[in-house]
Structures are given as C-alpha cells and as structure tokens.
Amino acid sequence: MTVQELHDIFLKGIRSGEFRGRLPSSAEMKRRYGTGHNTVHLAIDRLKMQGLVYGRQGKGVFVNEQALAGVKKGVVMVYFGLESNMNIPLYLKLLTLLKAELQKSGLTLEFVSDLSAGLKKYQAAIVFGANMMREEDLMTLKYAMSDRVLLINHKMPGMVSLSSDNACGGRLAAEELYRFGHRRIAVVTRFLDLPRNFFHERHQGFMDFAAEHPDMSVQEYHIPSEIASKSGICADIAGKILHEQPEITALFAFTDWYAFQLLQVLKRAGRTISAVGYDNSEFASLLDPPLTSVEEDAAELGHAVCRTVNDLIAGKKPVSREVKPHLIERQSVFSIQDIK
C-alpha cells in the first residue's frame, strides 16, 4: 500500500466519522492495513499538514475536531514588506505549493499590500521581508493578528519564523571551494548594509568556515542596497579581481546572477576561476560551464509553512525552525590545478 492510498483511507475515515478523538496506534495501523511504519508515519504527516490531525507528546495523534467543523476555513493573508520580493523564485515556488496544500484545509491565500484595511477577517498572516516593513506597519500587524503571524526568512523576538538556513548555505559554498584546493577566494555579497536580513547569516556561515581554516584568505566585495541592481557593478568588481587580486582562484557570489556576470567579464579577459552561486536559478544549468549553486529547499519550507499556519490557527504555539539548503554541484568548480 502506498502513502497516498493510506492517506486517502485515513481521510475518508475522518470525514465519515469513523475516526474521532485519538487515532489508533501506529502498531495497530500497521496490523490493520498490512503496511510498514514509514508508510503510516508519512500518511499521518500529510494529515497534519492539512490540519486534520495533531500530535500530543507521549499521548498519540488526535483528530482536529475544529477543522472538521469548518472553524478553520477562511483566508490567510500574505504580505510582502518589499514589492520586489514577490519575484524571488524561492518564494514563488513556496507559495504555489502552499496554496495547494492550504486549500485541502479549506483555506485560501489573499495577497495584501495595505495594512490599514481591516485585518480581522484573516485567520493568519504570512509575512515576507519583515525587515523592510515600516515600524508602524509591523506594529499594526502584531496588534491586529497577535500570535497568528508567521515570518518567512526573517527572525524577530517573540514571533514565529521559518527560514532557509542561510548560514548553512554560506558554509556549503566555502566547503566546496576549499575541497577543490582553493585558498584565495573572493566573496561578492549584497544588502549587508541593511539590518536584520538573512544575507548577514549567509555571510557569517562562509566567514565562520574561513575562520576555522587559517590557510584560507577571503577578499570581500560588498554591494550596497542602493546600487545592487546597477548595471556594471559586477564588471567593476571583476576588474578589481583582475588587476588587484591576481592570486584569487575562486569566488562565491550571493546570487547566481552575480556569479554569471562576474564569470563573463573574467572569461573575456582570459581569467578562469571557480565559482559558486546561490539560488540554483533555472539558467544556472545552462551556463558554460554549468554553475554550481546553493539551492534552498522550497518544497520542505512550503510543507513546514503549511503545518505552522495550521498550528497557529488552531491556537497552538509552534516553534521557529530553519530548513537546510543543498549544494547542486556542477562544472563551475574545479581543482586549483586546473586553473589556467
């Protein structure tokens, strides 16, 4: 029996009233349906993401009677502190998955740009880019929604957050370059002039690894927020690497787009170096050479957001957590012995 088949059996039993209160134990379910522990566990996890059941430590899994009564059905607000964040691929993937999963619980997403309108109709709020919000808007949200606000990729005291582990991502990039023998590395950052954003954690993860390896030297190039999208900024940095830092053999760029632009300029000048980007953008695999990149786990983050939103609406107190990214290895990182 597959996970989906068992999930559908549980779902039918919950809706029909066959299952009420505490669900049968895992051992009983395995015996009854002739399946393994992992299949039972994954099927129950799907029900939890839909908000139909919840677990109590040491007591078992229980049917969420409120969800069945339709109390939870309603609207979840999505708010972006910075309009341009709506185009970030990670967030688009996350929201697509989230919309589908929340619909199974009778919840819909509604994008909101003006917090001065009434917020009482929303069962919960998902906030992207909280660090870019005006203080008065943040206070309005906290006052109106109380403990039903979930921050994405941003942490604030007293509020629940779910984030991609950017410190881990920065470290993955450093480990990869170091593994291939690179010891003189350029790091091209962005937005470190803005407080309270995840790029600081990405930077810290890379620099922590460098601090643990005294033979590793890092040359940093910071791109401030006011010129982050300025044409030619990466060409200027590439020029400095060419003329001022001939010993650099590799670079880590905070976005795939930065990595691509830097490599283009260096390649035209006859300089070949290894590179790691971030985001695993769709074009990364199409480059020559294909770009090694850190990929954030949109699926896992989306499932975690769904579970947390359901918990917030149910009046529970979920904990903040971070989701580990993955390194997608391609041909843009090579041994230092292969540097031309």
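1. Let's start at a strand pairing: Ala 250 has Ser 274 in strand 11 as its bridge partner. Keep in mind that this is a predicted model. The two strands involved, strand 10 and strand 11 (residues 274-278), run parallel and are paired over three bridges.

2. What does strand 10 have on its other pairing, with strand 8 (residues 184-190)? Four bridges, again with the strands parallel. One residue pair to look at here is Ala 186, which sits opposite Leu 251 of strand 10.

3. Strand 10 (residues 250-253) is covered on both faces. Ala 250 and Phe 252 are buried on one side, and Leu 251 and Ala 253 are buried on the other. The link onward is a right-handed β-α-β unit, made of strand 10, helix 10 (residues 256-268) and strand 11.

4. Phe 252 turns up again in the largest nonpolar core, which has 73 residues. Along with Phe 128, Val 305 and Val 309, Phe 252 is among those with the most contacts inside that core. Helix 11 gives the largest share of the core, eight residues. In general, nonpolar side chains in soluble globular proteins tend to be buried together.

5. Take Val 309 as a way in. Setting aside neighbours within four places in sequence, Val 309 touches Val 76, Leu 102, Ala 124, Ile 126 and Leu 150. There is also another core, lying apart from the largest one, with 18 residues; Met 77, Tyr 79, Val 149 and Met 159 are among them.

6. Leu 102 brings us to helix 5, where it is one of the buried residues, together with Leu 90, Tyr 91, Leu 94, Leu 95, Leu 98 and Glu 101. Why do these line one face of the helix? Because, looking down the axis of helix 5, the buried residues fall within an arc of 135°. The general background is that an α-helix has 3.6 residues a turn, so residues three or four places apart point the same way.

7. The cover over those buried residues includes strand 3 (74-80), strand 4 (107-112), strand 5 (122-128), strand 6 (149-152) and helix 11 (298-313). As for its length, helix 5 (residues 89-103) has 15 residues and spans 22 Å from first C-alpha to last, close to the expected 21 Å.

8. Last, a residue of helix 5 that isn't on the buried list: Lys 99. Lys 99 is partly exposed, as its relative accessible area is 49%. From Lys 99 to Leu 192 it is 93 residues in sequence and 32 Å in space, C-alpha to C-alpha.

Definitions and conventions:
Residues numbered from 1 in each chain as written. Predicted model: local features only at pLDDT ≥ 70, side-chain atom pairs only at ≥ 80, totals over all residues. Heavy atoms only, no water. Expected span 1.5 Å × (residues − 1). Buried < 20%, exposed > 50% of the residue type's maximum accessible area, 1.4 Å probe, protein only. Arc of directions from axis to C-beta. Contact = heavy atoms within 4.5 Å. Core = buried A, V, L, I, M, F, W, Y, C linked by side-chain atoms within 4.5 Å. Pairing = 2+ DSSP bridges. Right-handed = clockwise from strand over helix to strand, strands pointing away.
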